Amino acid sequence: MMLSLGLLLFSLLSFAQDNCLEKFNTRHLSLTNAQNALSCYKTQADAGMSRELKTKSLSQMSYLKFFIAEYHSDNKEELLLEGIEFAEKAILLYGPKYTLATYTALPAAEKSALAEALYHYGLTTARYIDIKGQWEAIKRMEDIKKSMNTIIRMKEESTAFYGAHRTLGIFHIKVPFIAGGRIELARNFLTTALQQTSYSKDLSLYPANNVAYAELMFKESQDKEGCYHASLVASLNTEDVAKMDNGLYLETLQSVKDAKSLLQLKKCSTLY
């Protein structure tokens with residue numbers, strides 16, 4: 001009897017996970033779909049399940065708050081703060097933030113789930129800083145660096161298509177030298193992200209990596225190389241993006257828009 005109940009509970013947990021993931025994977029279709037996914041993960045997080053599943057649920061809730069803020073709402077600040085809070089709750093399930101010795105001893109599944117939460121924490125914090133500006137950056141900048149560096153030190157670098165490398169690369173492009181920005185570190189991080197996520201020749205499976213690398217090239221006055229990487233992304237159409245099947249359809253379309261803006265800003269038609 002106990003075994004049967006255990007199997008039933010396992011089946012219900014698996015169904016709940018699959019149901020939420022199905023909703024999550026349709027978030028790009030409408031705001032309602034994204035909100036339905038958020039509600040599903042909230043129910044899952046509140047259900048008192050395993051630490052791994054609770055981590056995943058809170059992490060996905062964080063990302064969905066970021067996603068809704070980015071693509072469906074003008075009320076970005078409040079949504080991003082909620083996203084930061086959800087990711088932080090997931091991280092704190094494992095004790096004080098950035099406790100590497102604890103993290104590296106975790107079972108593989110928990111470590112992977114925690115890495116996702118750390119990434120969403122840093123990602124959402126970075127976007128919040130973009131909106132709020134310098135004073136918020138002074139308060140929160142260390143959280144971006146620590147969350148992303150922790151992912152790398154946990155050896156979970158592949159999380160979010162080398163998202164920690166991408167985020168740290170962008171950080172070192174944007175932050176002045178006096179505040180800790182180092183172009184050579186940006187180059188190392190972004191080169192790794194590109195090399196490890198190759199999709200077709202020089203195009204990354206997540207083209208935001210190419211856009212970030214293009215911005216680095218422009219920063220280093222290597223305009224022809226910058227135009228080349230921006231053009232790789234700008235040339236993608238909706239069918240190309242769908243075929244990539246990277247689980248980030250709207251996000252990739254945004255990278256296409258960003259690349260087109262870069263091409264225009266840098267007058268790439270005269271260079272490449």
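The exercises below work through the fold, disulfides, cores and backbone of one predicted protein chain.

Residues are numbered from 1 along each chain as its sequence is written, and side-chain values use heavy atoms, with hydrogens and water left out. In this predicted model, local features need pLDDT of at least 70 and side-chain atom pairs count only at pLDDT 80 or more, while totals for chains, interfaces and linings use all residues.

**Exercise 1. Overall form**

Task: State how many helices and strands the protein chain has, and compare its radius of gyration with the value for a compact globule.

Solution.
- Step 1. Helices (H or I, at least four residues) and strands (E, at least two) are DSSP runs, numbered from the N terminus. The protein chain has 13 helices and 2 strands.
- Step 2. The radius of gyration is taken over C-alpha atoms, and the globule rule is 2.2 Å times the number of residues to the power 0.38. For 272 residues a compact globule would have a radius near 19 Å; the protein chain has 19 Å, so the two agree.
- Step 3. Along the principal axes, the C-alpha trace spans about 75 × 40 × 35 Å.
- Step 4. Contact means heavy atoms within 4.5 Å. Of the contacts between residues at least 6 apart in sequence, 61% join residues at least 24 apart.

**Exercise 2. Helix H3**

Task: Check the length of helix H3 (residues 51–71) against the value expected at 1.5 Å a residue, and find how many of its residues are buried.

Solution.
- Step 1. The expected span of a helix is 1.5 Å times one less than its number of residues. For the 21 residues of H3 this gives 30 Å, and the end C-alpha atoms are 30 Å apart, which agrees.
- Step 2. Buried means under 20% relative accessible area, exposed over 50%, and partly exposed in between (1.4 Å probe, protein chains only). In H3, 15 of the 21 residues are buried, so the helix is mostly covered.
- Step 3. For the protein chain, buried residues make up 46% of the 272 residues.

**Exercise 3. Disulfides**

Task: Find the disulfides, the parts of the chain that each one joins, and the handedness of each.

Solution.
- Step 1. A disulfide is a pair of cysteine sulfur atoms within 2.5 Å. By this rule the count comes to 2 disulfides.
- Step 2. Cys-20 is joined to Cys-40, S to S 2.0 Å. Cys-20 is in helix H1 (residues 2–24) and Cys-40 in helix H2 (residues 31–45), 20 residues apart. The torsion about the S-S bond is -90°, and the link is left-handed.
- Step 3. Cys-20 counts as buried because its relative accessibility is 1%; Cys-40 is also buried, at 11%.
- Step 4. Cys-227 and Cys-268 form a disulfide with sulfur atoms 2.1 Å apart. Cys-227 lies in helix H11 and Cys-268 in the segment after helix H13 (249–265), so the pair ties together parts that are 41 residues apart in sequence. This disulfide is left-handed because its S-S torsion is about -80°.
- Step 5. Cys-227 is buried at 0% relative accessible area, and Cys-268 is buried at 4%.
- Step 6. With the bonded cysteines numbered in sequence order, the pairing is 1-2, 3-4.

**Exercise 4. Nonpolar cores**

Task: Name the residues of the largest nonpolar core that touch the most other members, and the elements that supply two or more residues.

Solution.
- Step 1. A nonpolar core is a set of buried Ala, Val, Leu, Ile, Met, Phe, Trp, Tyr and Cys residues joined through side-chain atoms within 4.5 Å.
- Step 2. The largest core has 45 residues; Met-61, Tyr-63, Ile-91, Tyr-103, Leu-114 and Leu-118 touch the most other members.
- Step 3. The elements giving two or more residues to this core are H1, H2, H3, helix H4 (76–92), helix H6 (108–132), helix H7 (134–153) and helix H8 (159–174).
- Step 4. Another core, of 18 residues, lies apart from it and includes Leu-232, Leu-236, Val-241 and Leu-262.

**Exercise 5. Positive phi**

Task: Locate Phe-161 and Ser-221, and give the phi of each.

Solution.
- Step 1. Most residues other than glycine have a negative phi.
- Step 2. Phe-161 lies in helix H8, and its phi is near 55°, a positive value.
- Step 3. Ser-221 sits in the loop between helix H10 (208–219) and H11. Its phi is near 65°, also positive.
- Step 4. Ser-221 counts as exposed because its relative accessibility is 61%.
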